[in-house]
Amino acid sequence: MSLRGATRAGPDAALIVFARAPVPGRVKTRLAPLLGEAGAARLHAQLVERTLRTAQAAGFSDVYLYCSPGTRGEFFKSMRKRFGVRLRSQGPGDLGDRMYRALSRNAPGVLIGSDCPALRPADLRAAARALQAGFDAVLSPAEDGGYPLIGLRRVSRRLFDGIAWGGPTVLAQTRERLRRLRWRWKELRTVWDVDRPEDVARLRRTGLLSRVRQPSSAARGRARP
């Protein structure tokens, strides 16, 4: 399976996927009490794989997997082999620094995280079409007040500096920055991501992942402080 040779979703539009290596204890830590550290890492890996399948189905010809903490891990090498993505390192700094660098190097581009299995190929194509139509930015709002998708035709640090990343005001702050820049932007449908134990229950109900393992009693025991 490869993304190379697919039909371009927009003129020179790049698709950027942000992902962290699925290391137990370092990813999805808020889910460890439910799934255990190893189970939370497995779920994270599943979410990354689903995101890359969504990217493949969207038909972008330039797809970059921006990796943290670096590109050398076996997991990322496996993703490159399976999906034909180009690996890049996210580099240092907070989320805003890393997103700014990635989009600056690949504008016009659409950047997505790997925590939102509700995103569909049609959402990614809609973002590319918005940039092609002349919008300066496109956002997909999240129910928790953030956004799992941002697309930019041009890039400004003002969209990323001083944002309270991970909090409930990320989207509101970004909208205010866009207004101050006097940019035209479009918002797509509101989606949800997987961060909290209740999100895992929702994930099971929706069937967006083929399987999400129930935590074993041993895993629950290891997760206790």
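**Exercise 1. The sheet**

Work out in which order the 7 strands of the open sheet are arranged in this predicted model, and which strands form its edges.

*Solution.* Let's start with the order. Reading across the open sheet, the 7 strands follow one another as β3-β2-β1-β4-β6-β5-β7, with mixed pairing. Next, look for strands that pair on one side only: these are β3 (86-89) and β7 (185-187), the edge strands. On average, neighbouring strands of the sheet are turned by 20° against each other, direction ignored.

Now zoom in on one pair. Strand β1 (residues 14-20) and strand β4 (residues 109-112) run parallel and are joined by 4 bridges. Within this pair, Val17 stands opposite Ile112 in β4.

**Exercise 2. Helices on the sheet**

Find which strands are touched by helix α1 and which ones helix α3 lies across.

*Solution.* Take α1 (residues 32-58) to begin with: this helix packs on the sheet and touches β1, β2 (62-68) and β4. The direction of α1 makes about 175° with that of β1. Then turn to α3 (residues 95-105), which lies across β1, β2, β4 and β6 (149-152). Relative to β1, helix α3 runs at about 150°.

**Exercise 3. The two sides of α2**

Explain why the buried residues of helix α2 are on the same side of the helix.

*Solution.* Begin by listing them: Phe75, Phe76, Met79 and Phe83 are buried in α2 (residues 74-83). Around the axis they cover an arc of only 95°, so they fall on the same side of α2. A general rule is handy here: an α-helix has 3.6 residues a turn, so residues three or four places apart point the same way.

Next, check what the buried residues face: they pack against β1, α1, β2 and β3. On the other side of α2, Glu74 and Lys81 are exposed. To finish, step just past the helix, where Gly84 takes a positive phi of about 70°.

**Exercise 4. Two partners of α1**

Describe how α1 packs with α4, and how α1 crosses α6.

*Solution.* Start with α4 (residues 121-132). The axes of α1 and α4 are 8 Å apart, and the helices pack at an angle of about 55°. That angle makes α1 oblique to α4, and the crossing is right-handed. At the contact, Thr54, Ala55, Ala57 and Ala58 of α1 meet Pro121, Leu124 and Arg125 of α4.

Move on to α6 (residues 197-206). Here the axes of α1 and α6 come within 13 Å and cross at roughly 55°. The two helices are therefore oblique to each other, and their crossing is left-handed. Leu34, Leu35 and Leu43 in α1 meet Pro197, Val200, Leu203 and Arg204 in α6.

**Exercise 5. Two residues up close**

Decide whether Pro121 is buried, partly exposed or exposed, and do the same for Ser156.

*Solution.* First, Pro121, which lies in helix α4. Its relative accessible area is 23%. Buried requires under 20% and exposed over 50%, so Pro121 is partly exposed. Leaving out residues up to four places away in sequence, Pro121 touches Thr54, Ala57 and Ala58. The C-alpha atoms of Pro121 and Ala58 are separated by 4.3 Å, although the two residues are 63 residues apart along the chain.

Second, Ser156, found in the loop between β6 and α5 (170-181). With a relative accessible area of 13%, Ser156 is buried. With residues up to four places away in sequence not counted, Ser156 touches Tyr100, Leu181 and Trp183.

Notes
Residues are numbered from 1 along each chain as its sequence is written. This is a predicted model: local features need pLDDT of at least 70, side-chain atom pairs count only at pLDDT 80 or more; totals for chains, interfaces and linings use all residues. Side-chain values use heavy atoms; hydrogens and water are left out. Two strands pair if DSSP finds at least two bridges between them. Axes are lines fitted to C-alpha atoms, for helices over the stretch in contact, and angles run from 0 to 180 degrees between N-to-C directions. Contact means heavy atoms within 4.5 Å. Buried means under 20% relative accessible area, exposed over 50%, partly exposed in between (1.4 Å probe, protein chains only). The arc is that of the directions from the helix axis to the C-beta atoms. Angles under 35 degrees count as roughly parallel, over 145 as roughly antiparallel, 65 to 115 as roughly perpendicular and the rest as oblique. A crossing is left-handed if the near helix is turned anticlockwise from the far one by less than a right angle, and right-handed if clockwise.
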